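Okay, thanks everyone, let's get going. Today I'd like to talk about aromatic rings and what sits around them.

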Amino acid sequence: MKLSFSTNAYRNYSIEDSIRSISSVGYDAIELMCDTPHAFPPLSAEKIDSIKKILQENQMKISNLNGFMMCAVNDFHHPSWIEKNQKERNIRIQHTKYCIELASKLGVKTVSTEPGGPLLGLSEKEGLELFYDGLNEVIPVAEKNNVKLLIEPEPGLLIENSSQFLNFMSRFNTKYIGLNFDVGHFFCVGERPDKLIKTLADFISHIHLEDIAESREHKHLIPGHGVIDLKKVFDAISDINYKNYITIELYPYLDNPENAAKEAMQFIHSLNLK
């Protein structure tokens with residue numbers, strides 16, 4: 001099992017200090033947030049070299065590029081793939097192209113993105129068409145760079161659950177679109193992550209893991225602070241022979257991300273996983 005920690009909990013730190021901190025806790029890799037203050041692309045050659053140098057010094061890898069958040073432009077979800085305004089949609093499309101190109105330069109094979117965005121008055125059908133059209137503009141860039149773009153279903157956004165994801169994926173005939181399986185997100189919408197991992201195994205290229213409270217409110221918690229049976233989740237991950245990184249994503253813990261990273265690591269080790 002290879003564990004990574006997302007830098008989106010370290011939004012009050014430079015990317016260099018984030019890497020050092022995550023390494024000191026004992027993680028194998030970071031998930032790189034493609035947003036300010038870490039790596040909102042395009043990056044200069046000097047900045048890319050700086051990230052590579054710090055990674056090498058700390059014997060760290062990058063598990064995934066997180067292209068979901070866009071606080072450099074607006075907020076976590078906007079501009080989205082399904083904005084009514086074409087210019088705003090184009091910002092999301094171009095950002096994703098830049099993320100894919102950055103992934104190629106850093107030697108990373110996946111970029112995760114939001115599952116469409118908030119509907120904000122659009123019908124689901126209208127939103128899906130806009131999302132489909134946007135992705136088709138990006139797929140050639142993914143193919144050229146040999147980087148896979150991963151959709152991450154999330155509560156409250158266009159694609160929230162596994163049925164919606166599978167229906168949408170049936171429209172594509174490319175290996176360059178896949179799934180970022182977020183354990184907590186599927187739990188929030190009433191699904192069983194441990195069972196779903198096996199159902200969606202063919203699509204999973206990266207995993208986000210956090211805990212969620214019994215209320216199923218979409219608020220990421222340190223593993224062990226919620227009610228998800230994470231032992232069963234890890235067993236399911238093992239059963240599908242998943243070999244890529246599992247990234248702990250705890251972006252609400254801005255005040256002390258290193259403590260959150262440590263506590264998450266300690267809890268996972270306490271599970272005595274096979």
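So, let's start with Phe165: it counts as buried, with a relative accessibility of 0%. Keep in mind that this is a predicted model.

Now, what about its partner? Phe165 forms an aromatic pair with Phe203, and the geometry is edge-to-face, with 5.5 Å from centre to centre and 85° between the planes. Phe165 lies in helix H5, while Phe203 is in the loop between helix H7 and strand S7, so this pair ties together parts that are 38 residues apart in sequence. And is Phe203 buried or exposed? Well, Phe203 is partly exposed, at a relative accessible area of 26%, whereas the cut-off for buried is under 20%.

Okay, zooming out. Searching the whole structure turns up 10 aromatic pairs. Another one of them is Trp81 with Phe131: the ring centres are 5.6 Å apart and the planes sit at 55°, so we call that pair tilted. Trp81 is in the loop between strand S3 and helix H3, and Phe131 is in helix H4, so here the pair ties together parts 50 residues apart in sequence. Trp81 is buried, at 1% relative accessibility, and Phe131 is buried too, at 0%.

Those two also belong to a cluster: ring pairs link Trp81 and Phe131 with Tyr132, Phe168 and Phe172.

Last bit, charges over rings. Tyr132, from that cluster, has the charged end of Arg171 sitting over its ring, 4.0 Å from the centre. And over at Phe187, Arg216 lies over the ring face, with 4.0 Å to the ring centre.

That's me done, happy to chat.

How values were computed. Residues numbered from 1 in each chain as written. Predicted model: local features only at pLDDT ≥ 70, side-chain atom pairs only at ≥ 80, totals over all residues. Heavy atoms only, no water. Phe/Tyr/Trp six-rings, centres within 6.5 Å; stacked < 30°, edge-to-face > 60°. Helix = DSSP H or I, 4+ residues; strand = E, 2+ residues; numbered from the N terminus. Buried < 20%, exposed > 50% of the residue type's maximum accessible area, 1.4 Å probe, protein only. Lys NZ or Arg CZ within 6 Å of the ring centre and 35° of its normal.
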